[in-house]
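Work through these short exercises with the model open beside you. Try each task before reading its solution.

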Amino acid sequence: MIDINLIRNNSELVKENIKKKFQDKKLPLVDEVLNLDKKARTLKQERDSLRQNRNAFSDKIGLLMRDKKIEEANKIKEEVRKINEKIIEVEKEEELISAKIKKDMMLIPNIIADDVPIGENDSKNVEGERFLEPKIPDFEIPYHTDILEKLGGIDIDSSRRTSGQGFYYLIGDIARLHSAILSYARDFMIDKGFTYVVPPFMIRSEVVSGVMSFEEMDDMMYKIEGEDLFLIGTSEHCMIGRFMGQIIDENKLPLTLTSYSPCFRKEKGAHGIEERGIYRIHQFEKQEMIVICKPEEANDWYEKMWHYTVELFVSLEIPVRQLICCSGDLADLKYKSCDIEAWSPRQKKYFEVGSCSNLTDAQARRLNIRYKNKKGENVFAYTLNNTVVAPPRMLIAFIENHLQKDGSVIIPEVLRKYMGGKEKIEIK
RNA sequence: GCAGAGGUGUCCGAGUGGUUUAAGGUGCAGCCCUGGAAAGGCUGUGUGUGAGAAAUCACACCAAGAGUUCAAAUCUCUUCCUCUGCGCCA
C-alpha cells in the first residue's frame, strides 16, 4: 500500500507507475481515490463538528442534572438525539467511502525502483549475473524423481495414498540430505550475523489479511477448521507479523533475521509437465532471511541479501544466475525483486529456487510497523525478504548437478559434516 | 480444558456513568539554583486523522469488536491475551 499523500500531491507519478506495470485498467482508481478522499475529508469535518456539538450539549446536561434542572436537561436531550441521528447518517456514508478508498489503495501498486526493467510479463525478465559455469554432462540426466527413486530416497506412491497429489516421503540419505541443507543454510546465515528464529507455523486471519489480498489468500492458504488459524505459506508471514502494530526501537534496527519453517501452499491452478515430482508441492521447508531496516539502508541490504543466496549455492557447487524481475511481473507490493535460479543440466536451463524482494514501506504501512527516529517521529520501516534455500525443490538442482554417471550423487565438501562425513549417496 | 484475578500512556499505578482537558509517581527533555555536580524547584512531555502559513483547534483512541445511554476507561455481550491454581500432554 502506498502513502495516500503521494496520490494527493503527485498523482501523475502514481499513474506513470501503473502504466510502467502494464496495469492500465487500474488508472481510473487514482482519480477515484482522489475524489473519494476529498469527500471523505469533508465528511470527517462534518462529523467531527457534529460530535463537538453533541459533546458540548452532553456536558450541559451533566451540569443541569446536578442542579436538578431536569426539565431543561430533557429539552437538550431531545436536541442531542437529533444530532445523533445525523451523526449516524454521516458515519455510514463515511464508512462506505473509506472502505472503498482502502480497497482501491490495496490495488494501487507500490512505486517501482528506477532500475526495474520495463516489460509486460515474465518473458521480459532480464538475466543478471551468472555464477559458476553451467555444466552439461556427457550422459543423460533422468527426471529428478527417477534419480531419487533409484537412490531409494523418495516414495510418492504412498504419499498420494495418504495425502494426495503434491506430497512426498523423503527417505534415508535423501531425507538426511534435505535436513543437512537446511542446517547448513541456517549456520551459513548465522555466520553472516543473522539471528535464527523458529516462528509459529500457524497464524491468525488478521495477520494473513495484512500480508496478502483475499484472492492470494484463497489461492495459497490452508485454513484450520473451526479455528481462526491458517497454516503459513512462508515464514515471512509470521516473521513480519511479529512486528505488527509495533514501534521498534531505532537502536535495534536493522533487524536481520533468518527463520526456518515448513510452508504450506494450495498452489491452486498450477500444473504442467515440469511440475511433476517435487518441483511444485503443497508442503516444503524453507530457510528464509528477513530484514527490517531504515529507508536509507534498504538498497544495500537488497544487494547483500541476494548475494548471500548466490554465495550459498556456489559453496554447494551449483551454478546459479540472477534473474531481474521486470515491471509487469513484479507483485504489487514490491519495489524491486529478483529470482535466484539454479542450473538444471537435464533441462539445460535455469529454474527458480529463491526470490529476493524489497517492499520499501508498503508492507509496513499495511501492518503498521514503525520505528521512532531521532526527531521523535514515528516512521514506517522498510521490509525485505529473501529465500536462503527451500528444499525439496532445491534438491532437484542439487542431485542434477551432482549426479555421476553411475547414478550416485556426490556431496560437496561443506555439507559432509551434516551428513556424518558421507562423500556420496549411492544406489542401493 | 476448568476455576479465579487481571489488560489504562516509556514504565508503575489511581480511576465503577458527567469538573478526567486520563490523578499521582517514574522515565525523558529544557530551564532555574551551583564553581561544577547531586539534591531541590519550575516547565514541557502518548498515538492517529482532519483543518490551518503558523500558533493552535477539533475528533477519535484506556486489549479488540459490538451494544446500552443525552453522555462510557467505567455498565452489558463476544473475542483475544497475561498471571495464579488444578487437569491433560510431546
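**Exercise 1. The domains**

Into which domains is chain A divided?

*Solution.* This is a predicted model. Start with the bounds: domain 1 covers 4-107, and domain 2 covers 122-425. Next, find the distance between them. The centres of domain 1 and domain 2, taken over C-alpha atoms, are 43 Å apart. Then look for contacts. Four residues of domain 1 are in contact with four residues of domain 2. On the side of domain 1 that touches domain 2, two residues are nonpolar, two are charged and none is polar.

**Exercise 2. The chain as a whole**

Describe chain A by its elements, its box and its buried share.

*Solution.* Count the elements first: chain A has twelve helices and 18 strands. Now take the box along the principal axes. The C-alpha atoms fill roughly 100 × 45 × 45 Å. Of the 428 residues in chain A, 35% are buried. Last, turn to contacts between residues at least 6 apart in sequence. In chain A, 71% of these join residues at least 24 apart.

**Exercise 3. The surface near the RNA**

Which helix gives the most residues to the surface near RNA strand B?

*Solution.* Begin with the total: 18 residues surround RNA strand B. The closest are Asp-48, Gln-52, Ile-61, Gly-62 and Val-80. Two helices, H2 (27-66) and H3 (70-107), each supply at least two residues of this surface. H2 gives the most, with 13 residues. Sort the surface by class: eight residues are polar, seven are charged and three are nonpolar.

**Exercise 4. The span of H2**

Check the span of H2 against the value expected from its 40 residues.

*Solution.* Use 1.5 Å a residue. The expected span is 1.5 Å times one less than the number of residues, so the 40 residues of H2 should span 58 Å. Compare the ends: the end C-alpha atoms of H2 are 59 Å apart, which agrees. Then step past the helix. H2 is followed by Lys-68, whose phi is positive, near 60°.

**Exercise 5. Arg-346**

Is Arg-346 buried, partly exposed or exposed?

*Solution.* Locate the residue first. Arg-346 lies in the loop between strand S12 (336-344) and strand S13 (349-358). Buried needs 20 or more neighbours, and exposed needs 12 or fewer. Arg-346 has 19 C-beta neighbours inside 10 Å, so it counts as partly exposed. Now list its contacts: leaving out residues up to four places away in sequence, Arg-346 touches Ile-141 and Glu-400. Finally, compare sequence with space. Arg-346 and Ile-136 are 210 residues apart in sequence, yet 8.2 Å apart in space, C-alpha to C-alpha.

Methods:
Residues numbered from 1 in each chain as written. Chains lettered and ligands numbered in written order. Predicted model: local features only at pLDDT ≥ 70, side-chain atom pairs only at ≥ 80, totals over all residues. Domains from an automatic or database assignment. Contact = placed C-beta atoms within 7 Å. Nonpolar A, V, L, I, M, F, W, Y, C, P; charged D, E, K, R; others polar. Near = placed C-beta within 6 Å. Helix = DSSP H or I, 4+ residues; strand = E, 2+ residues; numbered from the N terminus.
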